[in-house]
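Visitor: I am new to this structure and should like to understand the terms used to describe it. May I see it before we begin?

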Amino acid sequence: MTLAPSNPPQPLAQLPLGDIIDRLLRGEALLLDGPQAVVEVVGVLHSYGIVLDAYSRNLIYIADNTFLQLFPFFKYFNGQISLGKWLKHLWHDRINYEYAEYCMKSMFWHGGGALDHFVDSPEFRRLARTAIAAKIKSNPLIQGIDRAFPEFLLEQVRQLAYYSALGQFWRIMSDIFMDLSAAYDHGQITQIPDVVTLIQDGLVAAAATPVTYGVEIGGQRYDILPASANLTFLMDTAVPYVEAVFFRGTPFPGTISYNAQAGQVPVAQERFSYGALYADPLPIGGAGIPPTLLMQDMRHFIPPYLHEIYEAGLRHEDDLLVKICVSFQKSMFCVTTAAISGLAPHPLTSTVPEERSANVAYLTGWMERLSHSQIRAANGQQP
Amino acid sequence: MLLSCLIGVPLVGAIALGLLPLPEQEAKPARLGALAVWLVTVGLTVAAIAQFNPADSQMQLLETVPWIDRLGLGYRLGIDGLSLPLLALNVLLTGIAIFATGDKIRRPRFYYALLLLLSASVNGAFAARDLLLFFLFYELELIPLYLLIGIWGGDRRGYAATKFLIYTALSGIIILAAFLALAGLAGFQTFEYGPLLAFVTGMDSPLGGAGLPLGTQVLLLLPILIGFGIKIPLVPFHTWLPDAHVEASTPISVLLAGVLLKLGTYGLLRFGLGLLPGAWHAAAPYLAIWATVSVLYGAFAAIAQGITNGDMKKMVAYSSVGHMGFILLAAAAATPVSLMGAEFQMIAHGLISALLFLLVGIVYKKAGTRKLDALSGLFNPERGLPLVGALMVLGVMASGGIPGMAGFISEFLIFSGSFKDFPVHTLMSMVGTGLTAVYFLILLNRAFFGRLSDRAVNLPSVSWWDRAPAIALAVPIAVLGLLPSLLSVWSEAATNSLAAIARLGIAG
């Protein structure tokens with residue numbers, strides 16, 4: 001995984017997005033500060049926090065309760081199956097948990113961090129095999145499948161480990177975003193750097209939170225990601241998540257399509273840049289696909305102060321999903337700022353020449369990756 | 001009195017709107033007044049349809065008021081299956097134009113008064129069964145249309161309105177010369193259509209004579225062809241049309257393409273084929289060539305607009321030039337089927353072109369441009385104009401003659417009715433239909449598909465008030481495509497009668 005390739009320091013003006021590097025070194029954020037930006041970012045993160053809470057609960061439910069169920073038909077019901085809920089599900093009056101799975105699969109695919117290494121380790125294989133054996137001991141059909149395709153169930157367990165890991169990551173992120181919303185409501189957040197600081201503090205505070213996973217089969221607990229693996233929130237879930245979802249993969253469904261045959265998809269995985277920070281908020285095509293399932297979910301929880309801004313737009317509620325997507329992208333630049341700042345070799349505002357030079361080199365790597373992102377558009381600037 | 005009321009009510013409404021002390025700057029009272037007058041004309045049209053006998057090919061609902069008997073002048077009205085659908089189309093499109101006019105129109109009283117005057121004069125032209133009365137209404141219609149383009153048009157409205165006036169006034173003078181010459185040859189005893197036809201053919205003529213020689217008929221037909229050829233317009237008399245359309249506001253373009261061009265094709269059928277069948281038969285092969293040239297020229301001009309990223313409105317205008325050529329081809333063949341196709345095409349094109357101009361108007365109103373190089377992605381479901389795009393696809397399909405749409409019925413009838421007499425011309429005109437799909441797909445592809453252009457990234461909402469007139473046009477386009485008998489039943493007797501007159505020319 002390459003989060004920030006290092007480059008020799010050069011004059012800021014000659015660097016890609018040098019003005020943004022300059023801003024970051026002054027303690028500001030990727031996103032330009034402004035009263036509307038604050039409202040947009042806090043408002044959309046409020047709704048995102050609520051949605052993440054639901055996603056996180058469901059991911060953890062799936063990991064814990066549908067272990068090696070090959071056809072988990074009711075996995076989005078969180079164990080509360082009723083006719084009314086089923087009808088609502090069919091009517092699509094529900095949270096789009098598919099988006100959470102989509103992000104999980106993106107993380108699983110792109111990998112990164114110690115979690116990625118661990119699920120390929122002999123230790124994981126041993127733990128998973130034990131759990132698999134316990135689960136299928138009275139199921140000859142699955143035993144046959146397991147013998148014929150020994151990697152199949154193992155891969156399912158790896159995926160379930162990612163379900164759980166992303167669920168745990170979003171559990172913490174949801175709380176951070178709800179804290180941010182509460183702080184804004186109490187007047188403690190007035191500018192974009194305040195947002196970044198709160199998120200960064202939250203990330204740092206939770207950095208060492210262990211990420212573990214185990215399932216209960218026949219009344220006995222089987223560890224899959226044991227505490228002894230030393231997997232932690234920040235480096236093993238947050239950073240891979242940012243890499244996979246913000247940078248590399250997970251283009252919002254419906255925003256743009258890529259043609260692999262036309263060479264629009266790079267062969268090298270690390271050159272993918274289809275993440276949330278790069279997505280075009282405008283949907284393409286005539287099929288009526290909204291920007292993403294996520295925006296559909298967030299629209300139900302937009303706070304009144306943000307809804308007022310959206311309502312004042314030219315299209316009022318007609319393009320609500322696009323407006324949410326634009327605001328969400330702005331908020332993700334704030335989260336990215338927090339991540340960049342948190343992972344920096346030295347405090348970004350340091351004036352010590354050596355430290356500043358190291359920071360510039362570090363930021364240059366980031367800016368090269370962000371140079372064709374939507375950062376200019378998010379700041380209302382020409383690309 | 002019904003036909004007189006169809007002329008008189010909008011005329012009185014126009015005068016009343018002009019004279020009543022309504023607020024000068026507020027559009028709503030004038031609009032409501034115009035709508036009230038329009039509703040009355042709708043009621044009158046329904047009454048006319050109810051009293052009309054579709055099985056009778058002759059003029060019906062006759063009204064006659066003698067004027068100057070010595071010169072054969074009189075106020076003579078009547079409608080047949082040829083004119084009734086056009087009259088109804090005029091009433092429908094007048095309503096669409098009133099609905100499609102924005103609230104912020106300048107000088108609303110004058111505007112709506114002119115709109116009603118235009119409607120009255122077109123009703124009069126379709127209801128006239130007297131050549132001079134037709135001419136008077138034909139000329140009267142120019143005045144409001146000139147002012148509607150000249151006052152409420154685009155940046156080059158003065159140029160476009162003057163060009164329109166010069167061309168169409170010239171068209172009127174040429175037609176008047178032909179009418180006077182024909183009446184003169186008949187001894188200025190009458191300008192009434194029926195007796196003059198009998199005089200020309202020499203069959204049971206109350207005016208005496210054994211019929212006009214072919215050479216004289218041809219000399220009379222030429223100015224009629226040129227006069228109405230300008231109005232339709234046919235190549236090479238078409239140059240006023242794209243300018244007029246581009247500069248006219250959307251409601252005026254709707255009326256111009258939807259119904260005013262039909263005065264030209266109606267005139268050709270009524271006073272060219274219907275009055276001079278011998279000369280028409282002699283000229284038919286050349287008319288078929290002329291029709292084919294118009295069809296292909298209109299199509300290629302529209303394609304040129306498309307590939308040079310030109311004006312959407314100009315594309316639709318050139319499309320009209322091409323599609324009017326189909327009517328001339330059908331009239332040249334003059335078979336019962338082709339003439340039914342011609343009548344169907346007049347109505348279908350009236351609805352389809354009105355729809356297309358309305359939709360282009362909405363695009364212009366919202367995006368501020370009609371240039372294809374400045375537009376893309378208007379289908380965008382969130383920020384584009386998806387319903388407008390869907391209706392545009394419907395309009396394009398209808399214009400391109402896709403089965404299930406009104407345009408298919410008319411083109412199928414025209415081609416099947418004309419093929420026997422003019423197989424090569426018909427086949428080339430069918431290529432023109434194929435080219436319709438080409439240029440309209442260029443339009444759709446560039447303006448509606450892809451990513452929303454930066455210029456159009458923040459379009460204002462389209463209200464149902466904007467969409468309603470377009471939907472009101474889309475419905476009959478689809479319905480007539482599926483149930484063509486709803487229209488053909490009214491016209492069949494009249495077009496058969498016209499075909500019988502054409503056979504007189506062949507026999508003569």
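Guide: The following exchange sets values against definitions.

Guide: This is a predicted model, in which local features need pLDDT of at least 70, side-chain atom pairs count only at pLDDT 80 or more, and totals for chains, interfaces and linings use all residues. Residues are numbered from 1 along each chain as its sequence is written, chains are lettered from A and ligands numbered from 1 in the order in which they are written, and side-chain values use heavy atoms, without hydrogens and water.

Visitor: Why is Arg270(B) called buried?

Guide: Buried means under 20% relative accessible area, exposed over 50%, and partly exposed in between, with a 1.4 Å probe and protein chains only. Arg270(B) has 4% relative accessibility and therefore counts as buried.

Visitor: What makes the link between the side chains of Arg270(B) and Asp80(B) a polar contact?

Guide: A polar contact is a pair of N or O atoms within 3.5 Å; within protein, one must be able to donate a hydrogen and the other to accept it, and residues adjacent in sequence count only if both atoms are side-chain atoms. The side chains of Arg270(B) and Asp80(B) are joined at 2.7 Å, as a polar contact.

Visitor: How many nonpolar, polar and charged residues has the lining of the largest cavity?

Guide: Ala, Val, Leu, Ile, Met, Phe, Trp, Tyr, Cys and Pro count as nonpolar, Asp, Glu, Lys and Arg as charged, and the others, Gly among them, as polar. The lining includes Val316(B), Ser319(B) and His323(B); by class, three residues are nonpolar, six polar and none charged.

Visitor: What average pLDDT has chain B?

Guide: On this confidence scale from 0 to 100, given for each residue, chain B averages 93, and 99% of the residues score at least 70. For the complex, the predictor gives an ipTM of 0.74 and a pTM of 0.86.

Definitions and conventions: On a 1 Å grid over the protein atoms alone, a cavity is a set of points where a 1.4 Å probe fits but cannot get out, and a pocket is an open set with protein on both sides within 12 Å along at least five of seven lines; lining residues have an atom within 4 Å of a point. pLDDT is the predictor's confidence in each residue, from 0 to 100.
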